[in-house]
Amino acid sequence: MGKLTGQVAFITGAARGQGRAHAVKMASEGADIIAVDRCAPVATAGYEMATEADLAETAKLVEAEGRSIVTAVADTRELEPLQHAVDAGVERFGRLDIVVANAGIAASPKASWELTPDEFREMMDINAVGVWQTTKVAVPHIISGDRGGSIVLISSMAGLRGVPGIAHYVAAKHAVRGLAKSLANELAWANIRVNSVHPGNIRTSMIDNEPMVRGFRPDLENPVLEDTAEIMQKLNLLPQPWLEAEAIADAVLYLVGDTGRGITGAALPVDLGTSEKFPGL
């Protein structure tokens, strides 16, 4: 018996990175998975997005844990395909217990006044509106099950403090934190817990991409992520430059499982202490 045996989890941005880590971790604890991802480029992101092949690989990894998975290509900004995806998964599995609104994009450094309207709007649409739409399509299914449930919205360390150069990202991630707190109040009557998780630098394609790496090391001709390690480590309290995606999956598992039964409305940083670092340390 796993910690989530018999439960069903709906995960967005599940084709790779943190989303894949959530899917595999929950499957290893007995959950069946409804997994969606856009699997297509995002115009303003500046780095490559996941592909359908990536989503298929997530499915193989979940099945290797002995669990079932329903996948769909869906953009969280588009309500109808997202609704269809979760409806199809609930029809297959007969229930929904857990939601992890994980889909999002990173931002390349740029002064706020130099952002284009398209850059700002696309960031807000994916990282804030898409999170709300994920909850919109999923919450009625959890309520109808009358068993309670758990929702985790993936925000960021940047949802807890101001960060220069990525104002649109910070604004969207603060919105996610606020949404989680409001939903926690709205859904407590149904025994549905809602929390936000705030990762720091996680070693996925969101930081391991050319624009992000170059932003940290413009002095190098062809920088790679390892070239940023010393700089990134200085951002943290703990002596590590970044975490692996599995660290976030472990935190989410804690919240959605019985271990988190008394926790709702919380904002949990998993960021090596970045959000709490005292200036000058």
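1. Let's start in the middle of the sheet, bearing in mind that this is a predicted model. Val 100 sits opposite Val 152 of strand E5. That pair belongs to a parallel pairing of E4 (residues 98-101) with E5, which runs over four bridges. Follow the chain from E4 through helix H4 (residues 117-145) into E5 and you trace a right-handed β-α-β unit.

2. Val 152 has a partner on the E6 side too: Asn 195 stands opposite Val 152 there. E5 and E6 (residues 192-199) are again parallel, with six bridges between them. Another facing pair is Gly 149 with Ile 192 of E6. Here helix H5 (residues 167-187) is the link, and E5, H5 and E6 make up a right-handed β-α-β unit.

3. Which residues of E5 point which way? Gly 149, Ile 151 and Leu 153 go to one side, while Ser 150, Val 152 and Ile 154 go to the other. In a regular strand, side chains alternate between the two faces of the sheet. Whichever way they point, these E5 residues are all buried; put as a count for residues 149-154, that is six of six.

4. E6 tells a similar story, with eight of its eight residues buried. One side carries Ile 192, Val 194, Ser 196 and His 198, and the other carries Arg 193, Asn 195, Val 197 and Pro 199. Note that Arg 193 and His 198 are on the buried list along with the rest. Moving on across the sheet, E6 pairs with E7 in the parallel sense over four bridges, and Pro 199 has Val 270 of E7 as its bridge partner.

5. Now the packing. The largest nonpolar core has 35 residues, and those touching the most other members are Ile 11, Met 26, Ile 33, Val 197, Val 252 and Val 256. At least two residues each come from strands E1 (8-12), E2 (32-37), E4 and E5, and from helices H1 (17-28), H2 (52-64) and H8 (245-256). H8 gives the largest share, eight residues. As a rule, nonpolar side chains in soluble globular proteins tend to be buried together.

6. Which residues lie nearest the centre of the second largest pocket? They are Gln 7, Gly 149, Arg 193, Val 256 and Gly 257, out of 14 lining residues. Some of these have come up already: Gly 149 points the way of Ile 151 and Leu 153 on E5, Arg 193 is buried in E6, and Val 256 is among the best-connected core members. The pocket holds about 220 Å³ of space. Its lining splits into two nonpolar, six polar and six charged residues.

7. Two backbone spots to look at. Most residues other than glycine have a negative phi. Asp 146, though, has a positive phi near 55 degrees, and Leu 272 also goes positive, at about 60 degrees. Asp 146 is in the loop between H4 and E5, whereas Leu 272 lies in the segment after strand E7 (267-270).

8. Are those two buried or exposed? Asp 146 is exposed, with a relative accessible area of 71%. Leu 272 is buried, at 8%. The cut-offs are over 50% for exposed and under 20% for buried, so the two residues fall into opposite classes.

Terms used:
Residues are numbered from 1 along each chain as its sequence is written. This is a predicted model: local features need pLDDT of at least 70, side-chain atom pairs count only at pLDDT 80 or more; totals for chains, interfaces and linings use all residues. Side-chain values use heavy atoms; hydrogens and water are left out. On a 1 Å grid over the protein atoms alone, a cavity is a set of points where a 1.4 Å probe fits but cannot get out, and a pocket is an open set with protein on both sides within 12 Å along at least five of seven lines; lining residues have an atom within 4 Å of a point. Grid points are joined across faces, edges and corners, and a volume is the space filled by probe spheres set on the points. Ala, Val, Leu, Ile, Met, Phe, Trp, Tyr, Cys and Pro count as nonpolar, Asp, Glu, Lys and Arg as charged, and the others, Gly among them, as polar. Buried means under 20% relative accessible area, exposed over 50%, partly exposed in between (1.4 Å probe, protein chains only). Two strands pair if DSSP finds at least two bridges between them. A crossover is right-handed if, with the strands pointing away from the viewer, the path from the first strand over the helix to the second runs clockwise. A nonpolar core is a set of buried Ala, Val, Leu, Ile, Met, Phe, Trp, Tyr and Cys residues joined through side-chain atoms within 4.5 Å.
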